[in-house]
Amino acid sequence: MLNYLSAELWRMTRRRTACLGWGIYLLLTFLTGLTLRGNPPSECLQAFQNFMVIGLYVALPLADWAGGGLDRAGSLTNEVSFGLPRVRIYLGKLYAALLVGTALFLLTTVAFFLGALSPSAVLALSREDRALASMALLIAMLHSLPRYVGAVSLAYFLVFTIRPAGAGTVLYYLYIILGELTLAAVRVMGMGVVGDLINRLAEMVRPFLLTSAYFVYSYGNAPPTLGNSWLTGTLWLGLTTGLGLLLFRRREIR
């Protein structure tokens with residue numbers, strides 16, 4: 001698996017167009033932070049917490065970078081014909097996406113604050129204020145990282161398993177933009193037992209929406225805990241990976 005993972009990471013770095021695209025993304029992140037230069041560090045931190053939702057939207061191009069378009073290139077056919085286990089193929093590309101995604105997550109943070117904060121603004125803070133700001137940033141990152149993992153796993157599952165090409169992209173963005181909003185807004189009235197059942201199921205699902213750390217929905221208006229964020233990421237990773245492996249094992253590769 002380690003050799004396969006290394007090969008996948010090497011393959012990803014050879015796609016120059018994708019690397020250029022991510023370089024532009026980091027530059028735009030830096031410029032976004034630069035618009036906040038001169039604001040108090042607390043405002044920059046709040047702006048970054050709001051900005052972090054972008055990770056749910058870049059999860060799809062990241063997943064596509066790791067595993068998309070393989071049938072068109074013939075690589076997936078060659079790997080299966082060569083006798084590589086399908087579990088290794090699926091997980092190797094997913095692990096590559098998650099590793100590179102974690103690196104991009106950290107680089108996004110660095111790029112944003114390089115633009116937003118000047119060294120003098122950081123040095124002007126007291127040691128206690130710097131410690132509090134660092135802790136708040138760490139907590140925000142720990143909330144977001146597992147949700148990004150879940151989002152990348154969902155995006156990878158859709159890109160890898162759904163044909164024709166491009167359908168997975170459409171489904172992913174429809175779910176993130178409209179699907180989760182719909183799930184958050186479900187309120188069935190006047191349907192008796194059936195309506196009550198639907199409402200209860202919706203209430204069970206809402207705490208595990210990928211967007212619940214970034215958008216305040218009406219159920220309690222309480223922000224998710226760290227435990228909820230990590231449980232959410234774990235559930236999305238486990239469910240999408242299990243279903244992806246099941247479908248890939250039964251899929252005919254030509």
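## Pockets, cavity and surface of an all-helix model

The second largest pocket encloses about 290 Å³ of space. Of the 13 residues that line this pocket, F113, L117, A133, S134 and L137 are the closest to its centre. Helix 3 (41–51), helix 7 (86–116) and helix 9 (127–161) are the elements that give two or more residues to the lining of the second largest pocket. The model described here is a predicted one.

Beyond this pocket, the fold as a whole can be outlined. The secondary structure of the protein chain comes to 12 helices and zero strands, and the pattern read along the sequence is α-α-α-α-α-α-α-α-α-α-α-α. Of the 254 residues in the protein chain, 42% count as buried.

The structure also holds one cavity of 30 Å³ or more, and the volume of the largest cavity is about 240 Å³. Its lining is made up of 21 residues, among which G55, V58, G101, F105 and Y148 lie nearest the centre of the cavity. At least two residues of this lining come from each of helix 2, helix 3, helix 4 (54–67), helix 7 and helix 9, with helix 7 giving the most, namely seven residues.

The make-up of the two linings, by residue class, is set out below.

| Lining | Nonpolar | Polar | Charged |
|---|---|---|---|
| Second largest pocket | 10 residues | two residues | one residue |
| Largest cavity | 17 residues | four residues | no residues |

The lining of the largest cavity therefore contains no charged residues, where Asp, Glu, Lys and Arg are the residues that count as charged, while the lining of the second largest pocket includes one charged residue.

On the surface, L20, I24, L27, L28, L31 and L34 form a nonpolar patch, and together these residues have about 550 Å² of accessible area. One of them, L27, lies in helix 2 (residues 16–34). L27 has a relative accessible area of 49%, and is therefore classed as partly exposed, because exposed requires a value over 50% and buried a value under 20%.

A further residue to consider is L235, which lies in helix 12 (residues 226–250). Is L235 buried or partly exposed? With a relative accessible area of 36%, L235 is partly exposed, because this value falls between the limits of 20% for buried and 50% for exposed residues. Along the sequence L235 and R147 are 88 residues apart, whereas in space their C-alpha atoms are 9.9 Å apart.

How values were computed:
Residues numbered from 1 in each chain as written. Predicted model: local features only at pLDDT ≥ 70, side-chain atom pairs only at ≥ 80, totals over all residues. Heavy atoms only, no water. 1 Å grid on protein atoms, 1.4 Å probe; cavity = no way out; pocket = protein on both sides within 12 Å on 5 of 7 lines; lining within 4 Å. Points joined across faces, edges and corners; volume = space filled by probe spheres on them. Helix = DSSP H or I, 4+ residues; strand = E, 2+ residues; numbered from the N terminus. Buried < 20%, exposed > 50% of the residue type's maximum accessible area, 1.4 Å probe, protein only. Patch = residues over 30% accessible without salt bridge, like charges linked within 9 Å, V, L, I, M, F, W, Y side chains within 5 Å. Areas by Shrake-Rupley, 256 points an atom, 1.4 Å probe, with all protein chains shown as cover. Salt bridge = Lys/Arg side-chain N within 4 Å of Asp/Glu carboxyl O.
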